[in-house]
Amino acid sequence: MVALSPELQARLSSPLKIGTVEVNSRVLQSPLSGVTDLVFRRLVRRYAPSSMMYTEMVNATGLHYVRELPKLMEVDPNERPISIQLFDCRPDFLAEAAQMAVDEGADTVDINMGCPVNKITKNGGGSSLLREPEIAEAIVREVAQAVEVPVTVKTRIGWSNQEINILEFAQRMQDAGAKMLTLHGRTRAQGYNGPARWEWITKVKERLSIPVIANGDIFSVEAAVRCLEETKADGVMCSRGTLGYPFLVGEIDYFLKTGEKLPEPTAIARLECAMEHLRALYEYKGDRGIRQARKHMTWYAKEFYGAGELRGKLARIESVEDGVSLLEGAIAKLMELDLDPAPVPVG
């Protein structure tokens, strides 16, 4: 049975202060490429109305040359608080992009210094900046001078086991003007393999005066509480745990505020959410939304009777009608067999 310690309750009872911005939640939805678009964020926010959301990461070089806001930078004027995440290795391009982000409605601007994907790192962005701390520091300093909203950084503990430099790197980010640091407890070389090394988050938290947000292996309320107890972090950021499960941020937020667990959604409730997600993606993006929906639908289809077969079919849908028909059929089957009387574990 998970429970909040009195110390943790007291520590998290006040709003999260990111520079001049106050957020009434200590649980954040991570930026996820190809995932955290306007449609997905609306689903997450339904269950976590006070949490900070992040857009997919935006290429500052693309903004500089194209001079046109990409769809992934689009935010709803009513979705606050919202942060737009940027990536690049050029301080001037990032400062310019940050100004555009603020014009678009960003409450904070986040700089991605943690993405491990090769196509990002080979061009000097993402976690490659861990190997270029002087450039990373120059980026934060120039962006912070360019905009009035708080500038934050999301990064990892180091490039590899032989190059864990997060303590010095994090100090540089704070000194350069970052108002919050989100730390994924893995190296770039780890990718998403092996357990997140929360002990490094603890060490960074002890060193910095700005808020430190813990990221990595937050798949449940229990994991979030354990992480917060161990690291003394100022909050947690949910990433892969929300894939096919947009309820997670709200579940953790509710528990931290009340000490009580919400009932987990049943398989039928998750499939109904998948159907809504599918329709909204098509309405927002047309046929491209259907193609993007395939991966989302497969993430929803797990841990219930017939999930494996359904997952394979959802991965090949060509239209909204295809997906809705499959999802409605799965719901009807679960109801017919009375196989959905209680929540099932997800994550």
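With which residue does Asp76 form a salt bridge? In this predicted model, the partner of Asp76 is Arg42, and the closest N and O atoms of the pair are 3.0 Å apart. Asp76 is situated in the loop between helix H3 (60-66) and strand E6 (82-87), whereas Arg42 belongs to helix H2 (residues 38-47), so the salt bridge ties together parts that are 34 residues apart in sequence. The two partners were assigned to separate accessibility classes: Asp76 is buried, with a relative accessible area of 19%, and Arg42 is partly exposed, with a value of 47%.

Helix H2 also takes part in a salt bridge through Arg46, which pairs with Glu276. Here the closest N and O atoms are 2.4 Å apart. Because Glu276 lies in helix H11 (residues 267-285) and Arg46 in helix H2, this pair ties together parts that are 230 residues apart in sequence. Glu276 is partly exposed, at 33% relative accessibility, and Arg46 is likewise partly exposed, at 44%.

The loop between H3 and E6, which holds Asp76, also contains Arg80. The side chain of Arg80 meets that of Asp107 in a salt bridge, with an N to O distance of 2.2 Å. Asp107 is located in the loop between helix H4 (91-104) and strand E7 (108-113), and the pair thereby links distant parts of the chain, 27 residues apart. Arg80 is partly exposed, at 44% relative accessibility, while Asp107 is buried, with a relative accessible area of 11%. In total, the model contains 21 salt bridges.

The packing of helices H6 and H7 was examined next. The axes of H6 (residues 133-146) and H7 (residues 166-176) come within 8 Å and cross at roughly 25°. Angles under 35 degrees count as roughly parallel, and H6 and H7 are therefore roughly parallel to each other. Their crossing is right-handed. On the H6 side, the contact is made by Pro133, Glu134, Ala136, Glu137, Val140, Arg141 and Ala144; on the H7 side, by Phe169, Arg172, Met173, Asp175 and Ala176. These residues comprise seven nonpolar and five charged, with no polar residue among them.

Charged residues of this contact, including Glu134, Glu137 and Arg141 of H6 and Arg172 of H7, recur in a network of salt bridges that links Glu134, Glu137, Arg141, Glu168 and Arg172. Side chains of opposite charge can pair when their charged atoms come close.

Technical notes: Residues are numbered from 1 along each chain as its sequence is written. This is a predicted model: local features need pLDDT of at least 70, side-chain atom pairs count only at pLDDT 80 or more; totals for chains, interfaces and linings use all residues. Side-chain values use heavy atoms; hydrogens and water are left out. Axes are lines fitted to C-alpha atoms, for helices over the stretch in contact, and angles run from 0 to 180 degrees between N-to-C directions. Helices (H or I, at least four residues) and strands (E, at least two) are DSSP runs, numbered from the N terminus. Angles under 35 degrees count as roughly parallel, over 145 as roughly antiparallel, 65 to 115 as roughly perpendicular and the rest as oblique. A crossing is left-handed if the near helix is turned anticlockwise from the far one by less than a right angle, and right-handed if clockwise. Contact means heavy atoms within 4.5 Å. Ala, Val, Leu, Ile, Met, Phe, Trp, Tyr, Cys and Pro count as nonpolar, Asp, Glu, Lys and Arg as charged, and the others, Gly among them, as polar. A salt bridge is a side-chain nitrogen of Lys or Arg within 4 Å of a carboxyl oxygen of Asp or Glu. Buried means under 20% relative accessible area, exposed over 50%, partly exposed in between (1.4 Å probe, protein chains only).
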